[in-house]
Structure formats: C-alpha cells, structure tokens
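Reader: I should be grateful for a close look at a single part of this structure. Please describe one strand and its partners with care, and then set that part in its wider context.

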Amino acid sequence: MLTDQPNVERRLHALGLELPPLKQPVAKYLGCKQSGDVLYVSGQIGDIRGAVGHDVTLDEGQQCAREAVLHILRTVKTAIGDLDRIASVDKVLGFVRSAADFTEQPLVLNGASDLLIALFGADGEHSRTATGVLQTPFGASVQLEMTLRLKPE
Amino acid sequence: MLTDQPNVERRLHALGLELPPLKQPVAKYLGCKQSGDVLYVSGQIGDIRGAVGHDVTLDEGQQCAREAVLHILRTVKTAIGDLDRIASVDKVLGFVRSAADFTEQPLVLNGASDLLIALFGADGEHSRTATGVLQTPFGASVQLEMTLRLKPE
Amino acid sequence: MLTDQPNVERRLHALGLELPPLKQPVAKYLGCKQSGDVLYVSGQIGDIRGAVGHDVTLDEGQQCAREAVLHILRTVKTAIGDLDRIASVDKVLGFVRSAADFTEQPLVLNGASDLLIALFGADGEHSRTATGVLQTPFGASVQLEMTLRLKPE
C-alpha cells in the first residue's frame, strides 16, 4: 500500500522525482552531522557543470539546484532513516558558480527552494543566502549546504 | 514619550539612523526563520553596487555593510515585532564583492560590526567571517547573513 | 608528568605540531562566540598566500588548511581555557582562494579535516562545505570557519 510510504517521499514521487543513488563524500568528512536536534548537512553539488550566465542558462542552474536538493535528501535519508523525521528546513546556503556579470543567484536558488516547499510544506520554508562564487568542486553550477531541525526522537 | 521606544531603536535614532522600508525576499524564501531560540536571518544586500577595490571604495563598501545591517534589522523587526527581543548577535557571514586583488574584506565588514556593537552593546559582539566573492545578487558590494539568539518568550 | 596535559593537546604534540601564537581579530569582532553550548568560531586564515592552482599547489593549500585549524584552536583555547571542553566539531565552512579553473576544493580542505579527526577522533568528524572564492583576507589560500559544540559545564 502506498500509504505506508513516508509523506515526504510520497510527495517526491507525486512530483515525478526520485532520490538519486548515494554520493559518498569525496573526502574526509560526513555527509551530515547531528548535534542535539540540529542536523548540519555538508555542501553538495548538483550534476550540471559550468558557470551560470556563461556556460549554462538560468534554467539549467535551477535544475542543478534541484539536483543538489535531491542528493542532500538521499544523504539525509541514509543518515537518519526517514525524511519524515525532519521537523524543519532552517537554513540554506547556496553557492552559484557565476559568470563575472551574472547577478541572479536568488533566481537560481529558487529551484531548490520551490522543491523544498513542495516536499515539506510550511516546514520547508527556510532562511536563505545565495551568492556568486568563482569556482566550485568539480565545476558544478550550484553547491548547497543546509541546516535542518529534526523531530524529537 | 521617547522612553516608550525600545532601546535598540532609540540607539539607532541617536546615531541619526532609521530602519529602511521592508525589502521582501525576491524569491521563495523567508526573510528569517526561527528555530527554538535561534533566528536564522537570510542574506541581505546593502544598496551600493559594484566590486570593492574596483568600482567602489573601501568607505563605500563599509557604508554598504551598514545598509545591509539596517535592512536585516527591518526584516527582523517585521518578523519578531521588537528588536529588544534579540538576546545576542551570534554570527555574521559577509560576502564582499571584491576586485581580483582586493584583500581587505575584514575592514569592509567593520561597517557592519561597529554598528551592531553600537546598537546592541556587548550582546552585539559576534563571531564573523568575511570573504571575497566574484558576484552577488544585483551586483551589491556587500551581502550579509546573520544568526541571532532571541530572549526566551 | 605528561599525563597532566589535556588529551587534545597531547595528540597535537604527538603529531609534532604546536599551537601558534594567538592572532587577534584584525577588526571589530570576537575570535569566537559562545551561545548556549554552541561555539561559533570566526573565520581564520592559514599563513600561506596565493590562489590554489595558480600561485600555490594543492599540497600547499592543504598545509594552509592545517594552519588555519591551528590558529582556530589557539583562539578557542584562549577563549574557553581547555580544548578538551570541545564535545564535537559540528561544521566546517572552508573558502579556498582558487584559480579560475581549480575545482579540487574538497581535497584542499582534507588538510583541515584529517587534522581535526586526528585530534578529536570520532567527535572531530564534521559536516563540511568547501567552495572556491576569488579573494580572501590578506590573500590567504584558505579561510576556515567552524561551529563547535561544548561539553556541559
């Protein structure tokens, strides 16, 4: 029965999306770290490569932001077992690999914010900073870091 | 009577400053999000545009940092009703749109730090990171993000 | 007797390392700020200067990341008295001053992560974001910010 499926994942599937395979950190750190009821999630990139406004379009940047959210959710699910344990998306920090004259980083990050709100509702509404960096790991167009709050166990 | 005015705003006015009109987030996120007694404030830009060390001077960069603080305080006041509910400024993260050879990001951010300490006293003393990015939303010279702690309700 | 020496510092010395002299913040902010049991540590740079992938090598970038950790630990020790009061390294945010085509920021930050894990064991495992910026204060190759959790007093 589909009703056995956790809520967040059910919404994900209703959007025609699925969690990608787990990407292990490429280095000596954790995918996320729990401290009390705070879950600090490590920076993750989307799959699209290139500077937004030069190599890739705004639309592609938004797609890359969505991909980064999905990679993060896979990491979090692996760590805590169930995405419905997330009480709140508190903070999103997004680095957009930007052409020198590209200043629409907030529009790029909307790709991530819209998806988070679609999945988590009001609990998915978050504070956010989007800025424009020269480079990112693997040259990805978007890199996201999140701070989540978990429900009490 | 002026004594009805909250302390932080009284100090603001004594400095000859006032809160600017509220800037709504240009995208799908909150101006700030409360989680327990932590208030995560979204990145906000000041009004001045251009790369510090190229398009604008250090002085102008400092002014832009002050402007970003004022925009943040307006956002926070709108969200929590009274700036005197702020117990502590815990953390400031500042992105300075920088010329390729500009390395005085900490001096730029002093514009923000000095104002926070003038307004909040010892509670306004904060941890801080200032770094130099290629671009920012709207090409602003300074973008600030803050983590505040609120007094228990 | 060496057994009087706190654990973390004993491990530091066993690695042939020592804490550098304290670097005072160059501006109007704190080296770190405690809020409840969270210790927000201000951004600190390592001693090496230059863009990784252009002026300095990956190895030198890793060395700079290690130096930044040592400066941070000196700052934290000065603030809280004893590094063994650290319960957990929760979050590391690293800005790598990068050549335009340098995309190995995670490898650079491994210099910091490996040292933290050597010093703090499992408690030193952390969430992490490494991104590539145009410039940093003083042109340093690496700038690190950390969020730590302290043991209850």
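**A strand and its partners**

Author: In S5(B), Gln143(B) is the bridge partner of Ile45(B). The model is a predicted one, and this pair of residues offers a convenient point of entry. The pair belongs to the antiparallel pairing of S2(B) with strand S5 (residues 142–150) of chain B, a pairing that runs over six bridges. S2(B) also pairs with strand S1 (residues 32–35) of chain B, again in the antiparallel sense, here over four bridges. Within S2(B), Val38(B) stands opposite Ser35(B). The hairpin formed by S1(B) and S2(B) has two residues between the strands, and Gly36(B) takes a positive phi near 65° there. As to burial, strand S2 (residues 38–45) of chain B is mostly covered, with eight of its eight residues buried.

The corresponding strands of chain C may be considered next, at the boundary between chains. Chain C places 22 residues in contact with 26 residues of chain B. On the side of chain C that touches chain B, the elements giving two or more residues are strand S1 (32–35), strand S2 (38–45) and strand S5 (142–150) of chain C. S2(C) supplies the largest share of that side, namely four residues. By class, the residues of the side of chain C that touches chain B comprise twelve nonpolar, seven polar and three charged.

Toward chain A, 26 residues of chain C are in contact with 22 residues of chain A. On this side the elements of chain C that give two or more residues are strand S3 (86–97), helix H3 (105–120) and strand S4 (127–133). H3(C) gives the most to the side that touches chain A, with eight residues. The residues of chain C on that side divide into nine nonpolar, eleven polar and six charged.

The relation between the copies completes this context. A turn of 120° with a shift of 0.0 Å along the axis lays chain C on chain B with an RMSD of 0.0 Å. The two copies are therefore related as by a three-fold rotation axis. They use different surfaces, for 9% of the contact residues of chain C recur in chain B.

Finally, a helix contact within chain A deserves mention. The axes of helix H1 (residues 7–14) of chain A and helix H3 (residues 105–120) of chain A come within 8 Å and cross at roughly 125°, which makes H1(A) oblique to H3(A). Val8(A), Arg11(A) and Leu12(A) of H1(A) meet Ala118(A), Leu119(A) and Phe120(A) of H3(A). This contact of H1(A) with H3(A) has five nonpolar, no polar and one charged residues.

Terms used
Residues are numbered from 1 along each chain as its sequence is written. Chains are lettered from A and ligands numbered from 1 in the order in which they are written. This is a predicted model: local features need pLDDT of at least 70, side-chain atom pairs count only at pLDDT 80 or more; totals for chains, interfaces and linings use all residues. Copies are superposed by least squares on the C-alpha atoms of residues with pLDDT of at least 70 in both. Two residues are in contact if their C-beta atoms, placed from the backbone, lie within 7 Å. Ala, Val, Leu, Ile, Met, Phe, Trp, Tyr, Cys and Pro count as nonpolar, Asp, Glu, Lys and Arg as charged, and the others, Gly among them, as polar. Axes are lines fitted to C-alpha atoms, for helices over the stretch in contact, and angles run from 0 to 180 degrees between N-to-C directions. Angles under 35 degrees count as roughly parallel, over 145 as roughly antiparallel, 65 to 115 as roughly perpendicular and the rest as oblique. A residue is buried if 20 or more other C-beta atoms lie within 10 Å of its own, exposed if 12 or fewer, and partly exposed in between; C-beta atoms are placed from the backbone. Two strands pair if DSSP finds at least two bridges between them.
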